Amino acid sequence: MIWNLGSINADNFYRVPHLPGPGETLAATDFQQGLGGKGANMSVAAARAGARVTHIGAVGPDGDWARQRLLEYGVDTPHIATTETATGHANITVDISGENNIVLFGGANQALTNQMIGAALAEASPGDTLLLQNETNGQPFAVQTARTLGLKVVYAAAPFQAEAVQALMGQIDLLVLNAVEAEQLESAAGRGLRQLDIADIVVTLGGDGCRWHSSSHAQAETFGAYPVKSIDTTGAGDTFTGYLAAGLDRGLPMKDAIDLAMKAAALMVTRQGTADVIPDLKDIQDHDFS
Ligand code: RIB
Ligand code: NA
């Protein structure tokens with residue numbers, strides 16, 4: 001069972017010929033709205049990977065649709081609070097190569113209280129997983145509570161803040177971050193990744209796959225990506241982490257969980273959108289990855 005403390009956003013997608021520069025006004029060639037937020041994306045990915053997931057988060061008075069949609073996608077929603085602050089949203093521009101940039105408004109995601117988080121985790125059992133990212137508040141309290149209760153902690157350090165990761169050092173079972181974030185973390189800590197007090201670390205490398213730094217192996221292991229034509233990379237990292245957490249939660253060996261997560265992420269970059277278009281296990285089974 002996965003308890004995901006995570007953001008819920010309305011995603012506004014603008015398809016553009018190139019990412020806009022300073023002072024530039026740019027006409028979008030397409031517009032689309034959907035459910036997103038790194039947290040919601042990971043909840044949906046983990047649910048599509050077959051895990052039982054309870055989302056811990058918040059929306060504004062305008063956010064009932066988001067809660068409904070998560071429910072439709074198989075995510076448990078009794079611990080999504082409604083706050084006076086408006087639902088978070090993201091304006092996402094995607095260029096023709098599938099690269100993006102994102103402007104984020106945190107809103108209700110930043111209005112979570114320790115009391116809300118504690119009430120949710122009080123229902124968790126030892127051996128469950130706490131999944132979390134950096135788009136809500138409440139991470140230190142959630143991690144501390146999870147450790148006390150005997151939960152595994154899987155942390156995707158995005159959007160990246162070195163201090164947030166360092167504050168949780170010694171309490172993380174699996175840290176997921178991309179190559180740029182890994183470098184930032186090493187330079188902030190003044191040490192190499194493997195010298196950090198974190199059990200397992202998976203570094204995503206985009207089209208080059210990912211690297212697993214295990215607590216028990218001296219050598220990091222690299223896994224190649226499945227080649228696909230990239231339409232929109234938005235949400236691919238979240239899909240990877242959600243699938244990875246789900247695989248580990250149901251006891252898959254790390255290598256198998258990584259393989260499934262890489263397949264899900266590969267399919268995800270061929271789809272425009274975020275939570276609404278995350279592939280399920282059948283999509284993965286039906287796709288020819290050879
Ligand atoms: O990682 C993609 C996500 O980042 C989007 O869904 C957007 O809401 C932002 O949180
Ligand atoms: Na996408």
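These are my notebook entries on one predicted protein model, going from the overall fold to a listed binding site.

**Entry 1: the whole thing**

I started by counting the secondary structure, and the protein has 9 helices and 13 strands. Next I looked up how spread out the chain is. The radius of gyration is 18 Å, close to the 19 Å that the globule rule gives for 290 residues, so the protein is as compact as a globular protein of that length. I also boxed up the C-alpha atoms along the principal axes, and they fill roughly 50 × 45 × 40 Å.

**Entry 2: inside and outside**

How much of the protein counts as buried? I got 53% of the 290 residues. For the outside, the accessible surface comes to about 12100 Å², and carbon and sulfur atoms own 51% of that. Then I checked contacts along the sequence. Taking contacts with a separation of 6 or more, 63% are between residues 24 or more positions apart.

**Entry 3: the binding site**

I went to UniProt for this one. Its unreviewed entry lists D232, T234, M268, R271 and G273 under "binding site". These residues are spread over 42 residues of sequence, yet they cluster in space, with a largest C-alpha distance of 9.0 Å. I then looked at the largest pocket, and its lining includes T234 from this set.

**Entry 4: D232**

I found D232 in the loop between strand 13 (221-223) and helix 7 (236-249). Is D232 buried or exposed? Its relative accessible area is 0%, so D232 is buried. I skipped its neighbours within four places in sequence and listed what D232 touches. Three of the other listed site residues turn up, M268, R271 and G273. The rest of the contacts of D232 are F13, R15, V94, G98, V269 and Q272.

**Entry 5: T234**

T234 also sits in the loop between strand 13 and helix 7. I checked its cover too: T234 has a relative accessible area of 5%, which is under the 20% cut-off, so T234 counts as buried. With its neighbours within four places in sequence left out, T234 is in contact with F13, I92, V94, N100, I102, M268, G273 and T274. I took a closer look at N100. A polar contact of 3.0 Å joins the side chains of T234 and N100.

**Entry 6: putting the two side by side**

I compared the two contact lists. F13, V94, M268 and G273 appear for D232 and again for T234. Two of these, M268 and G273, are in the UniProt list as well.

Methods:
Residues numbered from 1 in each chain as written. Chains lettered and ligands numbered in written order. Predicted model: local features only at pLDDT ≥ 70, side-chain atom pairs only at ≥ 80, totals over all residues. Heavy atoms only, no water. UniProt positions renumbered as here; feature names shortened; annotations may be inferred. 1 Å grid on protein atoms, 1.4 Å probe; cavity = no way out; pocket = protein on both sides within 12 Å on 5 of 7 lines; lining within 4 Å. Helix = DSSP H or I, 4+ residues; strand = E, 2+ residues; numbered from the N terminus. Buried < 20%, exposed > 50% of the residue type's maximum accessible area, 1.4 Å probe, protein only. Contact = heavy atoms within 4.5 Å. Polar contact = N/O pair within 3.5 Å; in protein donor to acceptor, adjacent residues only side chain to side chain. Rg over C-alpha atoms; globule rule 2.2 N^0.38 Å. Areas by Shrake-Rupley, 256 points an atom, 1.4 Å probe, with all protein chains shown as cover.
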